[in-house]
Amino acid sequence: MGASVVPPKLSVSDFIAITNQTLEYAYPLIEIEGEVASFKVNQGKYVFFDLKDTGASVGCFMMVFQLRVPIEDGMKVVVTATPKLTQWGKFSLTVKSIRPSGEGSLKKSFELLKAKLDKEGLFAPERKRILPAMPRHVAVISSPQAAGYADFIKIVGDRWGGLKIDVAAVTVQGADAPDQIIRALKYFNQQEELPEVIVIVRGGGSADDLAAFNDEQLVRAVAESRVPTLTGIGHEIDESLVDFAADIRAATPSNAAQLLVPDRNDVLRGVRLQIQSVLPHVSREVSRYREQVAVRIEEAIGMTSGQIGRYREQVANVRKLLTQLDPARVLERGYALMRGKLSVGEVIDIEVRDAIIKARIESYEHK
Amino acid sequence: MSTSNNKLTIRKKLSQLDELVAWFDSDDFQLEEASIKLKEANRLAVEIEHDLEGVENEITIVKQSFSTDES
């Protein structure tokens, strides 16, 4: 017969402390999936609910600020938690984070939060700002290893040049993603030289992969951003609450690149068209001026001709007058021209049409 | 995006080009000035083309880690 094992004798407090140490060692952090029941918030700060499946149930506790998505009874969730035995001997899970699991719960949570934030006006069209047509400095929040990021950068490079692009490398999936993206948003919003646009980029994925973009605090951070925001998250059919809060929502990362910068080829075409559009205008104006000059010349020629005619007429009149005044014409009409001293006894010359006669004056009387 | 000749951005150059082109349609149009304006518009167009074709984007990965709250 072997030596009997002497069980440790502990105080209740010690037992609970040791049990918690053992639990902490065995399960420093554990993810458990189950259905929410008896969900309630006490004093606006403390959240209590049961997590259950068909065969078991466990109590859960968390703080309200850790609640990043709406939760309600019947929702299937995954909690990240540490197990704990309370000082009253009650076993519970201290929840660090909770996220809906499964399509139904994700959709339900999405709709609840959407309705709540919509009511607060976060998605209102009047909040939306216009992005600069040709930004020079943009910030990108994404995972540089992700395909979506590569697509975005490639298309931006294909379309435009000379951009200063600051990239915040974050994880874009999982429980850490919302906080990392929030920190990146905060970082860019606090820069001395603010970027002109913040682009949040993430390629396609399952609803669970994209769930980070339905995080309430992240949605609020996007809505509060001083810098206008553009999102390119998932595929065309994917819709996240971050998309609703952003100033502009692109359907995909590639589409975000298209909305962010113009295509240099389009701009070049536009520039060439502008120059070409000017030339006909100049030609038209030159033609108009030519026509005006031609009309003026015609007018000048007309005026000159008129003037010449008038001069000719004047000359003709003068000639006519001169002809009429010609003494020979007077003699022709029978008059005589006398020359000499008009005194009695003087001899004078009398010129008629065809002779010159000498005559002596016999009498001279005034009329 | 700046030009090779001066510090004007392409956005400003495009805006200048718009103004120049609009001048041709405006009441200020004078044939005597048109040649000068047209030369200026052509020069801007060439500069814009040069700028658009020759410049790469400058991508910088921010050094700060966002995995923990460092602020």
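This report describes the interface between chain A and chain B in a predicted model.

**Extent**

The size of an interface is often given as the accessible area lost when the parts come together. Here chain A and chain B bury about 3400 Å² between them. Carbon and sulfur atoms account for 65% of that area. Three residues stand out on the chain A side: A:Arg183, A:Gln274 and A:Ile275. Together they supply 16% of the area that chain A buries against chain B, more than any other three residues.

By contact, 41 residues of chain A meet 34 residues of chain B.

**Polar links**

The rule finds 15 residue pairs in polar contact across the interface, both partners at pLDDT 80 or more. It also finds two salt bridges between the chains. One joins the side chains of B:Arg11 and A:Glu196, at 3.7 Å from N to O.

**The chain A side**

Four elements of chain A each supply at least two residues of the side that touches chain B. They are listed here.

| Element of chain A | Residues |
|---|---|
| Helix H3 | 147-159 |
| Strand E7 | 164-169 |
| Helix H4 | 177-189 |
| Helix H8 | 264-325 |

H8(A) gives the largest share, 15 residues. By residue class, the side of chain A that touches chain B holds 25 nonpolar, seven polar and nine charged residues.

**Strand pairing**

Which strand of chain B is joined to E7(A)? Strand E1, residues 58-61, is joined to E7(A) by four bridges. The two strands run parallel. Within this pairing, A:Lys164 stands opposite B:Glu58 in E1(B).

Conventions: Residues are numbered from 1 along each chain as its sequence is written. Chains are lettered from A and ligands numbered from 1 in the order in which they are written. This is a predicted model: local features need pLDDT of at least 70, side-chain atom pairs count only at pLDDT 80 or more; totals for chains, interfaces and linings use all residues. Side-chain values use heavy atoms; hydrogens and water are left out. Contact means heavy atoms within 4.5 Å. Buried area is the accessible area (1.4 Å probe) that two parts lose on being put together, summed over both. A salt bridge is a side-chain nitrogen of Lys or Arg within 4 Å of a carboxyl oxygen of Asp or Glu. A polar contact is a pair of N or O atoms within 3.5 Å; within protein, one must be able to donate a hydrogen and the other to accept it, and residues adjacent in sequence count only if both atoms are side-chain atoms. Ala, Val, Leu, Ile, Met, Phe, Trp, Tyr, Cys and Pro count as nonpolar, Asp, Glu, Lys and Arg as charged, and the others, Gly among them, as polar. Two strands pair if DSSP finds at least two bridges between them.
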